[in-house]
Structure formats: structure tokens, C-alpha cells
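Hi everyone, thanks for making time for this. Please have the viewer open, and stop me whenever you want to look at something again.

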Amino acid sequence: MRARQGHLLSEWRALAAHAREMKSASLRGLFGSDHGRAGRMSLEAAGLYLDYSKHIATDETLRLLWALAEARGLRSETARMFGGEKINATEKRPVLHVALRERRDVGITVDGKDVMPGVRGVLAKMAAFSGAVRSGEWKGASGRRIRNVVNIGIGGSDLGPAMAYEALKPFSDRSLTVRFVSNVDGTHISEAIRDLDPAETLFVVASKTFTTQETMTNAETARDWVLRAFADRKAVARHFVAVSTNAKEVAAFGIDASNMFEFWDWVGGRYSMCSAIGLPVMIAIGADNFGMMLDGFHAMDRHFAEAPLERNMPVILGMLGVWYSNFLGAETHAVLAYDQYLARFAAHLQQVDMESNGKQTSRDGRRVKWNTGPVVWGEPGTNGQHAFYQLIHQGTRLVPADFIGFCRSRNPVGDHHDKLMSNFFAQTEALAFGKTKEEVVAEGVRRKDAPHRVFDGNRPTSTILADELTPFTLGALVALYEHKVFVQGVIWNIFSFDQWGVQLGKTLAGRILKELQSGDIVLDHDGSTAALLRRYLERRRKAPG
């Protein structure tokens, strides 16, 4: 971490020295010498309770982390984001996903124009349309009501809404089938519509430009499927709506421009769930529940903007992530939600985090000299315990983990939830404190076998606990991680809100597609790629058997 004069920040150097001192620290020792640790290292905000006491950190560690945050200007950078300044500098855009869930009667100005009337207008239009679909007022071309909704998008136009729909299924209209198609693999769209009736199916096509290859390929296949049933192009207008900014392309596709739901270039795709990108979620759960989700987002937004650094949940998680990534050698971060409804939560966070902070270039255009975004991964509940927890407990890698749990289940069946949560609490305790060789031997294990059953402990975890998974809770939880990512981007001095790294592959794919369609390899590929292309073209022509 270098200041303008080319030297490491003193706050960074102090943390590096402190990390060397902390190599001998153990969570057993830290808890043993500090009985108030758990109470002091916990806080509550926006309906979420965070316990961060099971981290390899002391009060001094935290003091040094807050000092680094202050030195990097975290507070002023946060104010710039909330104020609508163009902090997405490489694209010369503001970053205003917080405006999408602003619940107060305030204005937010971009280039001299208040954007809030537009935000509220789109939400009102979404509410009216989703209400019409849910009530049966909106009908397909044959006059039958809509019973199936298929969202077609990719990236932020898919991962966030798909995750939220799964998370909020208990609040959804179960008479509606809601599905999400993203992959350009024909299998995805084929399986999604295989058992549906086109007369009862509505497609939501989500693409800012309405030119995204994967999305438009799937949308065209869906349109062909509808037209085979109706043989009248006018049917498209009753079975398709668009979330886009390109009215010309939307109309050319056959969608009535009045059924285009707008969003703005100051909304990044992976942060767009609260915009019209959330339309399929609103159709599923209704406008009131969607509004409650926005309330949760807003509550965490206000906490992040207003709470002091040392009592600020996104700041705490973000700075602890910096501590592990940059000073203790961690390369990955696990997000482990003990609720089946959050099965897609880690997948959404992968995009939010890795597309935002997977950067190698600092804001001044130089290559960074420190690690940036971690690899984010995870699975829900006890599934992970029977898959990869072995590595977390006894492997050679340090894997900080977030455990997310709920005091009440949406499905209180027998003692399922107590059994689930007993594992939830047990895992963080086991990871923190482990089991010594002496303890293993005392249990009757032969001394020569004992090393295989030793758990070193000192595996750091955060515990996030909420009463139950509701729309409000989900909004607060997603906003917590969005702001955590922002915090880390500021510390690492990178631009978190562009994604130039996805462009090269897209460009090359477009060139190669022409070769695959023509059957001729004309570009000057490397030897490996050329050989693979030739094999593909040769084998594609051969019939099975």
C-alpha cells in the first residue's frame, strides 16, 4: 500500500509488524485472558447480529485496522459514493445503487438532476405490472392468465434476482412458476421451458443494451417457441417485457415500448437487484414484500453511512478481510449460510466480490503490489460439512469463513432446525478452539493415532445471526456484503465498479464464433487453440455412432 510519495503507508507497515507479533496468538489464549471479549466484539444493526470475537485479532489489531481505514479516506470515499460523485472513474459514472433503495423523501443529484423521481417512478410501474400479473389482469395472447414467469438475463441480471427468489420463496405466490435462464448453452433454455405452456408464460428479458449475446440468443429462442404456438408476431407483446435502456432494440424485438422497465448507467449489474432487474422477484413476492426488502437494504445503507468505524458492520467485516488477505496469507473466503433458502447466496456474492475487487491495477494506473479480492465460495448448511469442511478444519490453508444462521426456521418441522443450528454453533467453536493431542489421548485414542485427530483450531470465523429470513433481513444481508466489498476496494486503492476483465474473452469469442459458423479457421491462433478448433469442427460434423 503506497502513498503518493511512493512509500508504504505507515499504517500498513504497522499492521505488517503487528501480524508478525500475532503469529504466536491463539484463540484459546485470547479468550482465556479476556472474558469480556465476546461481548465487546459483537454488535447489532439492521436486524443482524454480528459476533466477530472468533478472529485472530486483538483490540490492538482493530485499532490498527481503523487507522488504516482512516488513512485511506474511507469516510470521505463513502460520502462521495452516497453523494453521487463519479467514483466509477474509468467509465465516468456515479455509483448509486443506494439510491434504488432510498426510502426517505430526499433528493439525490447526478449531473444537476434529481434521480429519485425516476427511481420512484420505475418502482411504481413495476408494482402496477407485477400486481396485474399476480391478479390475472395481465393475460397472454390467447386470453389465459400468466402462470409461468421466465427471467432471461446473465450476470447481475440473473444472479441477484435468482438468489433473492430462492431466498424468499416462503413469501412468493406458489401458483406462479418462476425460473431463470442465463447460460447460452441451449440446454438451459430448453429445460426451463420444456414443461411450460407458451400461452401461460411471460418472459422478462433483462439486458441494459438489449444486445448481450447470451441473453438475446436465449430471448430469440424463447420468441421462436412462443411464435410456434401462436404464429402471430403480435403475440410477442403479450408474452415478453424488457428491462433495458435501449427502446429501439426492444421495439425491434417485438416488445411494446410501454412494457420496457428502465434502469440507469449509474447502476452496476451486480448491484442492480433493487432496480427493475428485480421485476421477476417483485412478481413472485409482491410489491409490499419487495418494499420490505428495500427497507432492509436501506437500513444497512444508513448504518454504513452513519455508524463510527469501530461499530460499523460492513467496515468490520471488510477490514478483517484485509487483515487476512494482506497480512496473514489467506487467499479465499468461505460464506456458509445455514439456511437452504440461501443456496444461491454464495454464487451471488462471488460476482459482487470477485467482479468488483478482482483487479490488478490501482486507481493511478499502476500495478498493485498487494493482494486484492479473495476467492469467494460456499455451500449451504450441513451440505458443506460433508464436503469441504475437512480442509477448513485440518488442511494447510487458512480459510476465514462467515457463518450465517437464523433463530427461527420458515419450516419448523420436528427438531430439524435445532439439529441444523447445533451444527452451526459447533462448527465455529471447533474451528476456533480445536482439540489438542493431549485431549485426544485423554479420550482413549492411541498416542500413535492421535495426530490424525488433532485440530489446531485458530481458524477464524464471523457469525451473523438474525431472527428469521425475511425480505427485510435479506436486503440488510446483501447490503452488508455490498458495502464490505466497497470498503476493501477503498483500502486496496482499486476501482471496484468497473469490470474490464470480462471484455477480452467476449471479444475473442465473437471472432471465433464466425470461424465456427463458417467452418474455416482464418485467424492466427496459438497452436493449442487452433488444434482444439480443428478437432471441434471435425468432430461436430460426425454423427453419433
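I'll go through the empty spaces, then the aromatic rings, then a helix and a few loop residues.

One thing to keep in mind throughout: this is a predicted model.

Let's start with the open space. How much space lies in the largest pocket? The answer is about 860 Å³. Its lining takes in 37 residues, and if you want to find the centre, look for Lys208, Thr212, Gly269, Gln499 and Lys506, which lie nearest to it. Helix 10 (213-230), helix 16 (345-357) and helix 22 are the elements that give two or more residues to this lining. Helix 10 has the largest share, with three residues. In terms of chemistry, the pocket lining splits into 17 polar, twelve nonpolar and eight charged residues.

Now for the enclosed spaces. Rolling a probe the size of a water molecule over the atoms is what shows where empty space is left. Searching the whole structure turns up six cavities of 30 Å³ or more, and the largest of these has a volume of about 60 Å³. Which elements each supply at least two residues of its lining? They are helix 15 (313-327), strand 10 (332-337) and helix 21 (471-492). Helix 15 gives the most, with three residues. To find the spot on your screens, try Tyr324, His333, Pro374, Pro400 and Lys484, which are among the lining residues. Here the lining is made up of four nonpolar, five polar and two charged residues.

On to the aromatic rings. The count comes to 24 aromatic pairs. I'd like to show you one of them, Phe203 with Phe240, which is a stacked pair with 4.9 Å from centre to centre and 20 degrees between the planes. Why does this pair tie together separate parts of the chain? Phe203 belongs to strand 7 (residues 201-206) and Phe240 to strand 8 (residues 240-243), so the contact joins parts that are 37 residues apart in sequence. Are these two residues buried or exposed? Phe203 is buried, and Phe240 is buried too.

There is also a cluster to look at. Tyr338, Trp377, Phe388, Tyr389, Phe403, Phe424 and Phe425 are linked into it by ring pairs.

Rings also meet charges in this model. Arg238 has its charged end over the ring of Trp138, 3.9 Å from the ring centre. Arg37 does the same kind of thing with Phe31: its charged end sits over that ring, 5.4 Å from the centre.

Right beside Trp138 in the numbering we come to Lys139, which has its place in the loop between helix 7 (116-135) and strand 5 (148-152). With 34% relative accessibility, Lys139 counts as partly exposed. Where does the chain come back towards it? One place is His239: the two residues are 100 apart along the chain, yet their C-alpha atoms are separated by 8.5 Å.

Next, helix 22, which we already met in the pocket lining. Helix 22 covers residues 503-518, 16 residues in all, and spans 23 Å from its first C-alpha to its last, close to the 22 Å expected at 1.5 Å a residue. What follows helix 22? The answer is Gly519, with a positive phi near 80 degrees. Ser518 lies in this helix, and at 47% relative accessibility Ser518 counts as partly exposed. Between Ser518 and Leu537 there are 10.0 Å in space, C-alpha to C-alpha, for a separation of 19 residues in sequence.

Last, two backbone angles. Which values does phi take at Asp111 and Ala231? Asp111 has a phi near 50 degrees, which is positive in a residue other than glycine. Asp111 sits in the loop between strand 3 (109-110) and strand 4 (113-114), and it counts as exposed at 63% relative accessibility. Ala231 also has a positive phi, near 55 degrees, and is likewise a residue other than glycine. You'll find Ala231 in the loop between helix 10 and helix 11 (236-239). Its relative accessibility is 72%, so Ala231 counts as exposed.

That's my tour. Thanks for listening, and I'm happy to go back to any of these places on the screen.

Definitions and conventions:
Residues are numbered from 1 along each chain as its sequence is written. This is a predicted model: local features need pLDDT of at least 70, side-chain atom pairs count only at pLDDT 80 or more; totals for chains, interfaces and linings use all residues. Side-chain values use heavy atoms; hydrogens and water are left out. On a 1 Å grid over the protein atoms alone, a cavity is a set of points where a 1.4 Å probe fits but cannot get out, and a pocket is an open set with protein on both sides within 12 Å along at least five of seven lines; lining residues have an atom within 4 Å of a point. Grid points are joined across faces, edges and corners, and a volume is the space filled by probe spheres set on the points. Helices (H or I, at least four residues) and strands (E, at least two) are DSSP runs, numbered from the N terminus. Ala, Val, Leu, Ile, Met, Phe, Trp, Tyr, Cys and Pro count as nonpolar, Asp, Glu, Lys and Arg as charged, and the others, Gly among them, as polar. Rings of Phe, Tyr and Trp (its six-membered ring) pair if their centres lie within 6.5 Å; planes under 30 degrees apart count as stacked, over 60 as edge-to-face and the rest as tilted. Buried means under 20% relative accessible area, exposed over 50%, partly exposed in between (1.4 Å probe, protein chains only). A charge sits over a ring if NZ of Lys or CZ of Arg is within 6 Å of the ring centre and within 35 degrees of the ring normal. The expected span of a helix is 1.5 Å times one less than its number of residues.
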